[in-house]
Amino acid sequence: MSELFLPKDYTSEDVPVNENNPDIIYLDLYKPRTVYYNMTATFNGRQLDKDVPLKVQLGYGHKPLNLNNIKDIRFNAAKPDGTGVQTIGEYKIFNPIAGLVYVTIPAATFSATGMLYFNLQVITNEEQLLSSNTCYFEVEASFARAVFNAGNYDTEIEAAKKQALANLNKFNSDVNSRLESANALAQGIENSNHVLAQAVDDNANTVRAGLAPTNGGANVFTGPNTFQQAVSLNGGMTVSGKTTINGIDIDDLVKRVELLEKANK
């Protein structure tokens with residue numbers, strides 16, 4: 001608990017409570033003694049609390065105060081940070097003859113942690129101003145205000161989650177890489193098939209056009225052909241057009257051979 005500051009010659013006591021209900025504090029506005037009331041056993045606050053109802057029985061001279069003759073009940077507080085709070089008209093009477101009332105403690109009261117001091121003021125219809133003894137309670141820190149350093153907050157669960165995410169990312173990367181390789185291979189096979197099919201079609205067209213020989217059968221060449229190796233014509237060769245050997249017409253070549261044979265005889 002924060003340090004308590006009492007005026008000279010003042011003492012601290014637990015706040016009196018209603019004899020029938022210990023949740024209701026009893027404040028005598030006659031202030032018969034120089035005392036500060038400790039609320040710890042009955043009421044405490046926490047940061048971020050808001051509009052908290054304080055159940056109070058007001059009395060005067062050890063008798064219940066008749067609340068049918070009042071104009072206002074005010075909550076006045078000195079906060080731990082040195083600022084103050086005051087409410088006007090923030091109360092609800094639920095038994096005026098017995099002096100029973102709910103006084104609302106606003107959110108601003110709980111903004112700072114530490115010891116908070118307050119009293120209640122009653123303004124009567126005759127403009128009398130009556131105040132209670134000072135009460136005090138501790139405003140505790142709220143867990144909602146706790147700040148965790150994300151850089152240092154790394155539990156085993158968080159670490160495991162991070163590792164699992166890293167493994168999943170690596171798996172996805174490996175799968176994507178393999179899919180890309182498979183797609184590239186499939187595309188290469190498809191391209192090769194197109195080339196092979198085109199080559200087969202071209203060869204078939206060449207054979208059909210008489211531009212290439214066929215194996216094991218008669219071949220009719222209707223266009224020029226070039227043979228890179230020796231060709232054996234075991235069944236003979238029938239030529240129905242101009243034929244050249246190394247650029248020399250075969251008819252001229254035959255005539256030259258005949259002339260040479262005659263000259264050698």
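In this predicted model, D174 counts as partly exposed, at 34% relative accessibility. The salt-bridge partner of D174 is K170, and the closest N and O atoms of the two are 3.2 Å apart. K170 counts as exposed, at 52% relative accessibility, a value that falls over the 50% cut-off used for that class. Both residues belong to helix α1, where they are four residues apart, or about one turn of the helix. As a general point, side chains of opposite charge can pair when their charged atoms come close.

Helix α1, which spans residues 156–208, also carries L179. The relative accessible area of L179 is 46%, and this residue is therefore classed as partly exposed. Together with L165, L168, F171 and V175, L179 makes a nonpolar surface patch of about 460 Å².

Attention now turns from the helix to the strands, beginning with β13. Strand β13 covers residues 135–140, and five of its six residues are buried, so this strand is largely enclosed by the rest of the structure. Several pairings involve β13. Strand β11 (residues 114–124) runs antiparallel to β13, with five bridges between them; within this pairing, L116 has F137 as its bridge partner. Strand β3 (residues 35–38) instead pairs with β13 in the parallel sense, over two bridges, and here N38 stands opposite Y136. Strand β4 (residues 45–46) is likewise parallel to β13 and is joined to it by two bridges. In that pairing, R46 is matched with E140.

The R46 and E140 pair deserves a second look, since these bridge partners also form a salt bridge, with their closest N and O atoms 3.1 Å apart. E140 lies in strand β13 and R46 in strand β4, so the salt bridge ties together parts that are 94 residues apart in sequence. What is the exposure of each partner? E140 has a relative accessible area of 34% and is partly exposed. R46 is partly exposed too, with a relative accessible area of 31%. The structure holds six salt bridges, and the links E140 to R46 and K170 to D174 are among them.

Another of the salt bridges joins the side chains of K79 and D81, at 3.9 Å from N to O. The two partners fall into separate exposure classes: K79 is buried, with a relative accessible area of 12%, whereas D81 is partly exposed, with a relative accessible area of 43%. K79 lies in the loop that runs between β7 and β8 (84–86). Besides its salt bridge with D81, the side chain of K79 makes a polar contact of 2.7 Å with the side chain of S111. Which residues surround K79, once its neighbours within four places in sequence are left aside? The contacts of K79 are with G84, V85, A108, T109, S111, M115 and L116. Two of these residues have already been met: S111 is the polar partner of K79, and L116 is the residue matched with F137 of β13. The C-alpha atom of K79 is also separated by 6.8 Å from that of Y117, although these residues are 38 residues apart along the chain.

Strand β7 (residues 70–78) contains N76. N76 counts as buried, because its relative accessibility is 14% and the buried class takes in values under 20%. With which side chains does the side chain of N76 make polar contacts? One is the side chain of Q86, at 2.8 Å, and another is the side chain of Q121, at 2.9 Å. When neighbours within four places in sequence are set aside, N76 is in contact with V85, Q86, Y117, F118, N119 and Q121. V85 thus appears in the contacts of N76 and in those of K79. Y117, a contact of N76, is also the residue whose C-alpha atom is 6.8 Å from that of K79.

Terms used. Residues are numbered from 1 along each chain as its sequence is written. This is a predicted model: local features need pLDDT of at least 70, side-chain atom pairs count only at pLDDT 80 or more; totals for chains, interfaces and linings use all residues. Side-chain values use heavy atoms; hydrogens and water are left out. Buried means under 20% relative accessible area, exposed over 50%, partly exposed in between (1.4 Å probe, protein chains only). Two strands pair if DSSP finds at least two bridges between them. Patches are made of residues with over 30% relative accessible area and no salt bridge: like charges are joined within 9 Å, nonpolar side chains (Val, Leu, Ile, Met, Phe, Trp, Tyr) within 5 Å. Accessible areas come from the Shrake-Rupley method with a 1.4 Å probe; for residues, only the protein chains shown count as cover. A salt bridge is a side-chain nitrogen of Lys or Arg within 4 Å of a carboxyl oxygen of Asp or Glu. A polar contact is a pair of N or O atoms within 3.5 Å; within protein, one must be able to donate a hydrogen and the other to accept it, and residues adjacent in sequence count only if both atoms are side-chain atoms. Contact means heavy atoms within 4.5 Å.
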